Amino acid sequence: MFLGHFGVAFGSKRIVPTVSLGTLILAAQLLDLVWPVLLLLGVEHVRIDPGNTAFTPLDFYDYPITHSLLLVLIWSLLFGGVYYGLRRGWKGAVLVGCAVLSHWILDFLTHRPDLPLSPWGQSFAGLGLWNSVPATLLVEWTIFIVGVFLYAFSTRPIDRTGRYAFWGLVAFLVLSSIASMAGVPPNVDAIAYTSLFLWLLVPWGYWIDRHRQPVSRPPTA
Ligand SMILES: [Zn+2]
């Protein structure tokens with residue numbers, strides 16, 4: 001899943017408006033941001049296997065550090081803990097921890113059973129939404145569009161940058177998602193290096209957030 005994780009990042013802003021979009025992108029995408037680094041270090045592995053599922057030609061056969069449920073729970077707690085240590089907001093800390101965990105849950109929905117439950121075990125999980133391209137697109141786009149609208153309506157631009165940087169990111173994500181469906185990557189290094197570029201979306205998120213402000217909502221009595 002790609003767009004869905006960003007949908008979660010955008011939508012989470014509405015829950016705790018003090019958390020920056022950059023932090024939310026980092027949290028919701030953390031596993032996939034560390035993954036290419038471990039691929040290049042030879043710690044985790046992926047195989048190009050066209051037809052592995054209808055949606056992706058990638059066979060995620062070895063990624064226990066970034067994508068095993070047990071370690072993801074630990075990464076979620078650590079990420080929330082670091083946030084609390086830096087910002088002192090427990091609501092924000094819980095939210096960003098949940099955002100890290102949400103990545104595994106959305107991957108669980110889409111991947112075939114290739115997600116390890118523990119880094120050393122032989123039990124794997126995955127509901128296999130990727131076996132159907134229309135179902136994948138429906139679910140992923142729904143999460144993305146809902147998230148984008150939640151962010152768009154719970155914040156407002158304070159200048160032109162706040163408007164264009166935000167919609168620019170939305171357009172960039174949509175185009176990247178379409179491009180990634182267009183063909184089979186030539187080799188694993190190409191996958192890893194392209195995925196490393198996603199790190200740029202974190203500062204992009206902070207940049208957007210500095211140029212928008214939360215819309216104050218009437219208190220829900
Ligand atoms: Zn993932």
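What separates His103 and Asp107 in helix H5? Keep in mind that this is a predicted model. His103 and Asp107 sit four residues apart in helix H5, which covers residues 90–110, so about one helical turn lies between them.

Those two residues are a good way into the metal site. The zinc ion is held by Asp32 through OD, His67 through NE2, His103 through NE2 and Asp107 through OD, with distances of 2.1 to 2.3 Å. Read along the chain, the donors are spaced as D-x34-H-x35-H-x3-D. The short x3 step of that pattern ends in D, and in the helix it is the pair His103 and Asp107, four residues apart.

Now look at the angles. Among the four donor atoms of the zinc ion they run from 86 to 174°, and the site is irregular. Four donors count as tetrahedral if all angles lie between 85 and 135 degrees, so the 174° at the upper end rules that label out for the zinc ion. For four tetrahedral donors, the ideal angle at a metal is 109.5 degrees.

How about solvent? His103 has 0% relative accessibility, so it counts as buried. Asp107 is buried too, with a relative accessible area of 2%.

Away from the zinc ligands, try Leu201, which belongs to helix H9 (residues 201–210). At 1% relative accessibility, Leu201 is also buried. Leaving aside residues up to four places away in sequence, Leu201 touches Phe6, Ile25, Leu169, Phe172 and Leu173. Take Leu169 from that list: Leu201 and Leu169 are 32 residues apart in sequence, yet their C-alpha atoms are 8.0 Å apart in space.

Definitions and conventions
Residues numbered from 1 in each chain as written. Predicted model: local features only at pLDDT ≥ 70, side-chain atom pairs only at ≥ 80, totals over all residues. Heavy atoms only, no water. Donors = N, O, S within 2.8 Å, 3.2 Å for Na, K, Ca; no water. Tetrahedral: all angles 85-135°; square planar, octahedral: opposite > 155°, others 65-115°. Helix = DSSP H or I, 4+ residues; strand = E, 2+ residues; numbered from the N terminus. Buried < 20%, exposed > 50% of the residue type's maximum accessible area, 1.4 Å probe, protein only. Contact = heavy atoms within 4.5 Å.
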